[in-house]
Amino acid sequence: MSRYPWRNTSEDIAQEAQSQWETPGGAQEKADAAEQAAKDYSDENLNAHIGTGGVAHAVVVAGGVAGFMTGPDKAKLDGVASGANNYIHPATHPPSIIAQDSDNRFVTDAEKAEWNSKATGELATPSTDGLMEAADKGKLDGVQTGAQVNQNSFSKVNNLSAANTTDEFFIVGDIGITVTTNPITKEVRITATGSATPGAHASSHITGGTDVIPNAITNGNAGLMSGSDAQFVRIEGETKAGAQNKADAALISANEYTDGVTAEVSAEVNQALANATANYIRQPGYAATSGTSSAYAVTLDPVPTTLPDGFGITIVPHITNAAGPTLNINDLGATPLKKQDGTAYAAGDLKANTPYTFRKVGLDFLADSGGGEVKINGQLQQSVMYADTIAANDPIVLQNKPLGASIPTLTGRAHSTKYSSDGVYLAVGHTVTPFITVYKISGGTYTKLASPTVLPSGAGYGVAWSSDGVYLAVVHANSPFLTIYKRSGDVFTKLANPSTLPASTAYGVAWSSDGVYLAVVHANSPFLTIYKRSGDTFTKLANPATLPSGDGRGVSFSSDGLYLAVGQVTSPFVTIYKRSGDTFTKLSDPSILPLAVAVSVAWSPNGNQLAAAYNAAGGLIIYKRSGDTFTKLDDPSSLPSGNGTFVAYSRDGNYLGVSNATGAYITLYIVNGDAFKKMSDPSPVLPAQSTSLDFKPTTNTVAVTVFDLASAVSLYDLSLIALKSNNLASDLVDAAGAGYALSAGVANETKDAILIWR
């Protein structure tokens, strides 16, 4: 192809004498020739330098003419860094030019010497220095400063020296000497028993001796007999026989004198006695009457000569009186017998064979008591309900036969009930909304009040009134577990919840008598929560240092607010605290504990007794408090028939009630000191298990909650029932008392009676 495509190559070829183009073969030939010529030229010139057919260059000489570098020099040159110089390191140089760091420091000769003087890493031995072991350090720390090496057990006692540190010294008794030791007080006691026979030493005790015993002193200290006394006794004194003769003579003389004086005194005493006996003002007379029913007559001895004011006499009529009777004493004249108020007796008022005491006042004999009867120490006038027709002065026996009634039925099962302290309100906690029901009492009528606007959040298990009746606390299921109301008239308004609530479902609640403290028992720890009230605010106090051992079921303050008792589900079942300010300290457990879960606790009004109802047969235990010690009292002769479910004292402490699960479902006792007498079972009997009870203040009514939908609350009247007695011992079986009627009456009438035993 033409180098210039636009030209006419044919013309170029035709016009040129010699062609500008080479054939491939010719071009290769010329290239080969040029390559060989170049090689030949190079070889020729190189050989001229290396001595092969020519003159060779010399090897370079250090510091001389330039020349070729030898192979070793080339290797040496390759081992020299760029920019290297011919540096010679000095033999010494100052320390300042050496940089120090945390791993490289200079050390002085003094420091080196100090280090060299330190102990090696070897442990010390008794003969070589070294490091101290930790055990040796602990041993050293246990040795007091200034302690000495072990010494002998004692230095020297009575020239006896100890031979070593364990040598022992013994004190040994002998005849008449005993040696006793007390390892607790580290005492050795040496006692002379007096059984030893001392050696001759009498001369040391008399005049001139070393241990003189003083002479005996007349009517004073004992001692030795003096020489002068010995002179009297042995020579000058009276013999025993002579002294006895003189004594016998003196006795006869004394007896004769005494007999004479005694006769005179006896006469004087007899006269004084006669005078006293005849003084019927100071010493009332006593006589059975004669005469008629309207004109009694008696004879007294000594014989009275007058009937002055204050003249006293007790008569026993031989016949029941007629209207307006009189009394004639030793024929001194008939004097009217009248009642203490000055009114005349009606026929039949003075019973035959019954003693009556009178005093002369003015023109009449007035009875010493309101009815003219003899007043027996301890007798009591009391209103009773007649159970049948009874005449005045009939003998009667009394029975506590609770008579039942009921109040409007609640919704759900009732669990708890409580009267306000004035007896005007009754609160009942139950299982179905509204969970709390309050009744207002007027006479014997219980009227349900409107429910509070804000209700408890679950079943009400416990209720309690503050002593002033202003606050009502309800414990229940579901949070907040405690609901507190403030009463204004008949309206109950819920207060704000405490900032700290009980831990779980609460079962019991109690106020202190001053209304300052509110205690709640509940499930889950701490099982007991105590609040302090300030106005309408309730603040939780710190938990007691020792908590109840399990879920709380019952709680009660003593009337003085010093003691708090808790019933719980685990042993010891009852926990008792003593309050000091806002601190509650657990007391020692009683030596005898309830047999099972204590579901309810109650204090007697005087705080001397603590009763607990528990879930086992018998169900009741009662303690007596002495200081901070609680001692179990003897069980009543008749215990509840089944598990106890609740316990309460009446406000006056005369009654104790126990709710229980079987039998009559309620057991009531009359309290007489530390004795408890079971009352007759109530009538009618409760329809089912009772869950709580409370005694109405100022009356004989007890309210009982019943675990039954048909009759949630029952009321019982504990008034005494009077029955006419047949004067038989059998009449006193199960009797609550005995006496006589003051006036006639029929069944269901309430009359006054005199109780002479109860």
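## A small cavity and two buried asparagines

Ile 436, Thr 437, Val 438, Lys 448, Leu 449, Ala 450, Ser 451 and Pro 452 line the second largest cavity in this protein. Keep in mind that the model is predicted. The space inside this cavity comes to about 30 Å³. By type, its lining splits into 5 nonpolar residues, 2 polar ones and 1 charged one. Which element gives the most to that lining? That would be strand β18 (residues 436-442), with 3 residues. Searching the whole structure turns up 2 cavities of 30 Å³ or more. As for the general idea, rolling a probe the size of a water molecule over the atoms shows where empty space is left.

Now for the overall picture. The protein has 758 residues, and 34% of them are buried. Its secondary structure adds up to 7 helices and 45 strands. Of the contacts with a separation of 6 or more, 49% are between residues 24 or more positions apart. The accessible surface is about 44100 Å², with carbon and sulfur atoms accounting for 54% of that.

Next, two asparagines. Asn 330 sits in the loop between β9 (326-329) and β10 (334-338), while Asn 660 belongs to strand β37 (residues 655-660). Is Asn 330 buried or exposed? Its relative accessible area is 16%, and because the cut-off for buried is under 20%, Asn 330 counts as buried. Asn 660 has a relative accessible area of 0%, so this residue is buried too.

What do their side chains reach? Here are the polar distances:

| Side chain | Partner | Distance |
|---|---|---|
| Asn 330 | Leu 300, backbone nitrogen | 2.8 Å |
| Asn 660 | Thr 662, backbone oxygen | 2.8 Å |
| Asn 660 | Thr 667, side chain | 3.2 Å |

Leu 300 also shows up among the residues that Asn 330 touches, along with Val 298, Thr 299, Val 303 and Pro 304, leaving aside residues up to four places away in sequence.

Which residues does Asn 660 touch, again leaving aside those up to four places away in sequence? One run goes Pro 640, Ser 641, Gly 642, Asn 643, Gly 644 and Thr 645. Tyr 665, Ile 666 and Thr 667 are on the list as well, and so are Gln 689 and Ser 690. Thr 667 is thus a contact of Asn 660 and also its partner in the side-chain polar contact of 3.2 Å.

Notes. Residues numbered from 1 in each chain as written. Predicted model: local features only at pLDDT ≥ 70, side-chain atom pairs only at ≥ 80, totals over all residues. Heavy atoms only, no water. Helix = DSSP H or I, 4+ residues; strand = E, 2+ residues; numbered from the N terminus. Buried < 20%, exposed > 50% of the residue type's maximum accessible area, 1.4 Å probe, protein only. Polar contact = N/O pair within 3.5 Å; in protein donor to acceptor, adjacent residues only side chain to side chain. Contact = heavy atoms within 4.5 Å. 1 Å grid on protein atoms, 1.4 Å probe; cavity = no way out; pocket = protein on both sides within 12 Å on 5 of 7 lines; lining within 4 Å. Points joined across faces, edges and corners; volume = space filled by probe spheres on them. Nonpolar A, V, L, I, M, F, W, Y, C, P; charged D, E, K, R; others polar. Areas by Shrake-Rupley, 256 points an atom, 1.4 Å probe, with all protein chains shown as cover.
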